[in-house]
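Here are a few short exercises to work through with the model open in your viewer. Try each task before you read its solution.

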2 protein chains.
Amino acid sequence: MNWLKTSLTERLQIRYPLIQAPMADGITTPELVAAVSNAGGLGGLAASAWDPEELRAAIIAIRELTDKPFAVNLSIPESVTEDTSQIEHAKALLAPYREALGLSRTELATYQLPTFAEQLAVILEEQVAVFSFTFGVPKPEDVAALKENNIITLGTATHLLEAILLEESGIDMIVAQGAEAGGPRGTFLGTPEQGLVGCIALIPLLVNHIRVPIIAAGGIMDGRGISAALTLGAAGVQMGTAFLACPESGAHPKYKELLAEGTEITTVLTRVFSGKLARSLKNRFISEMQTCEAELPGYPFQQFLTQAICAAAIQQERPEFMALWAGQGCALCTSKPAAELLKTWFGQVWEILGRD
Amino acid sequence: MNWLKTSLTERLQIRYPLIQAPMADGITTPELVAAVSNAGGLGGLAASAWDPEELRAAIIAIRELTDKPFAVNLSIPESVTEDTSQIEHAKALLAPYREALGLSRTELATYQLPTFAEQLAVILEEQVAVFSFTFGVPKPEDVAALKENNIITLGTATHLLEAILLEESGIDMIVAQGAEAGGPRGTFLGTPEQGLVGCIALIPLLVNHIRVPIIAAGGIMDGRGISAALTLGAAGVQMGTAFLACPESGAHPKYKELLAEGTEITTVLTRVFSGKLARSLKNRFISEMQTCEAELPGYPFQQFLTQAICAAAIQQERPEFMALWAGQGCALCTSKPAAELLKTWFGQVWEILGRD
């Protein structure tokens, strides 16, 4: 059997059944996205934090570097409730960090999330090949508009019920996010725990019940992980952490240094950065703030409150205050260019599984 | 390549690179252990709760059913601290459950754990083929005695540091327990979170750093999971939950019924039964007690306190109060006999990976 000919490679007309995971905070630069697409995978741009014009500029920048398909990822809007006293309490808890970074104690700008409808309009106008999304299901009219424009939709599920909902909504393919994955948990139904299933258990269950292609994500770091995902029944993989230390990645050099430490690093699930449960390398900010995690406001309020702290941490090169998103496979990160990684990994897949 | 010829099958002279996980509470009956060994895998008996004479009787019972090798599993003794006020508080919290089950409110027997040295003496005397263990590393003199008796040692690690310690202690093979696994977490170093790594991330890291065979455990339910573990570099798999619903398993019929419900069931990590973090199907006892989980005493005190409750729950057929250990793959449980399962799974492995 030809392991590289899957419903994912057939549908997207790409060489390798690999999607590079969209990673926020500018990690998925146009250079990284284009490098992966040019190397035969599908690059992915994280754009949920961006205004329509920033998003359009990034799409144009990618197209200057590649004529291959790529994905743009947005967050599905969620209903949120603002709890003023909780926010004030969190401000007090965060004050020492603002001080440590020399940020004014009083200035806490009000932020606003970009409008999903405007972001989606850019994706439709620009005829992006693949629209990927997290944290829910788009409205039926949005799914219809994407279909009319022949844009392939790629949803994110963390357990079977979410996958069923995505399939019933007419989504073309589903990323199954295992508990190993770095960054925010995509869980949008049920308890957080329900959505923390490891890939080796999650993929076969989804493959048994879902007809659209299932893409495995979480903890996959090389040809061994890719081979495992394919034998579990996945149509392909989505890999993020494995690209973090690439020269094309926008991760801060100090962040890449920590990843290079290899075996000594541990990831934790935490809400302290954004209010959403997410996996990050453990650092001082997490260790200290975790004790009062239950008192913090939800997404996006906690994210608004920590935004200046994370930005200043990057500027001042202080990884102890950065959001260092990483999956459980992070000890296997390497700093090779993306194209070389794909070549190496699929060479390993060939050795492990053979082509025929 | 012959995927069924691994360092595990070679060393144990067994047909399939599969160990049936030892499961406490009488689940791994002599019938189950013998059925797996007779079918070409390695059966495993959970014996840590047993007195030397119960253990010897079980070994004899297995040997009446098979002449093939099997493993006996014990818990490495841990140093524990008794906190009387915490125990009294837990008694008060548990009183309503004792009442619901018609147990006397005052009678709380003092239990004692069997002596490890006496248990190990039986294993040495009976010349059991494989000694498997959890929650630590045996003393050097015990490792030496096992080696002198040509008993193969099989330790349990949940992260790299534990695996390194086991290897340096001269242990022959290491079970890498992924976060997906049912029952108690084997973590004995560092934080609980450090030991909650999914198989797809854990196995390749251990294989890179450890020379002795690595056996993958957690979330593996059929030939797809076995194939995935082998492609990740494991020398074999240890499967527990996949045998829970077998006719040979000693799990309560109500427990097997819940497993048969398939897609609707969720597992949670909880300390409420034994004081040790463990993965179980979510039931009423867990849901209610989880809110005060931090107030409960550690292992083995919480286990002593819940022992009568769990026993009465089994006797009265009330799964809402049972410890329903299960891994994250539990929705894929089937009720076929163990021998049939092995045949089916390795047929799938053959289809997926081929023999050559």
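**Exercise 1: the fold of one chain**

Chain A of this predicted model has 14 helices and 11 strands. Work out how its radius of gyration compares with what the globule rule gives for 356 residues.

*Solution.* Start with the two values: the radius of gyration of chain A is 19 Å, and the rule gives 21 Å for 356 residues. These are close, so chain A is as compact as a globular protein of that length. Next, look at the extent: the C-alpha trace spans about 60 × 45 × 40 Å along its principal axes. Then turn to burial, where 54% of the 356 residues of chain A count as buried. Finally, take the contacts in chain A with a separation of 6 or more: 70% of them join residues 24 or more positions apart.

**Exercise 2: relating the copies**

Find the operation that lays chain B on chain A.

*Solution.* A turn of 180 degrees with a shift of 0.0 Å along the axis does it, with an RMSD of 0.0 Å. The two copies are therefore related as by a two-fold rotation axis. To place that axis in your viewer, go to B:Ala228, whose C-alpha is the nearest to it in chain B, at 2.0 Å.

**Exercise 3: the contact**

Describe the side of chain B that touches chain A, by element and by class.

*Solution.* Begin with the count: each of chain B and chain A gives 36 residues to the contact. In chain B, α8 (199–209), α9 (223–231) and α14 (338–353) each supply at least two residues of this side. The largest share, six residues, comes from α8(B). By class, this side of chain B has 17 nonpolar, 15 polar and four charged residues.

Key
Residues are numbered from 1 along each chain as its sequence is written. Chains are lettered from A and ligands numbered from 1 in the order in which they are written. This is a predicted model: local features need pLDDT of at least 70, side-chain atom pairs count only at pLDDT 80 or more; totals for chains, interfaces and linings use all residues. Helices (H or I, at least four residues) and strands (E, at least two) are DSSP runs, numbered from the N terminus. The radius of gyration is taken over C-alpha atoms; the globule rule is 2.2 Å times the number of residues to the power 0.38. A residue is buried if 20 or more other C-beta atoms lie within 10 Å of its own, exposed if 12 or fewer, and partly exposed in between; C-beta atoms are placed from the backbone. Two residues are in contact if their C-beta atoms, placed from the backbone, lie within 7 Å. Copies are superposed by least squares on the C-alpha atoms of residues with pLDDT of at least 70 in both. Ala, Val, Leu, Ile, Met, Phe, Trp, Tyr, Cys and Pro count as nonpolar, Asp, Glu, Lys and Arg as charged, and the others, Gly among them, as polar.
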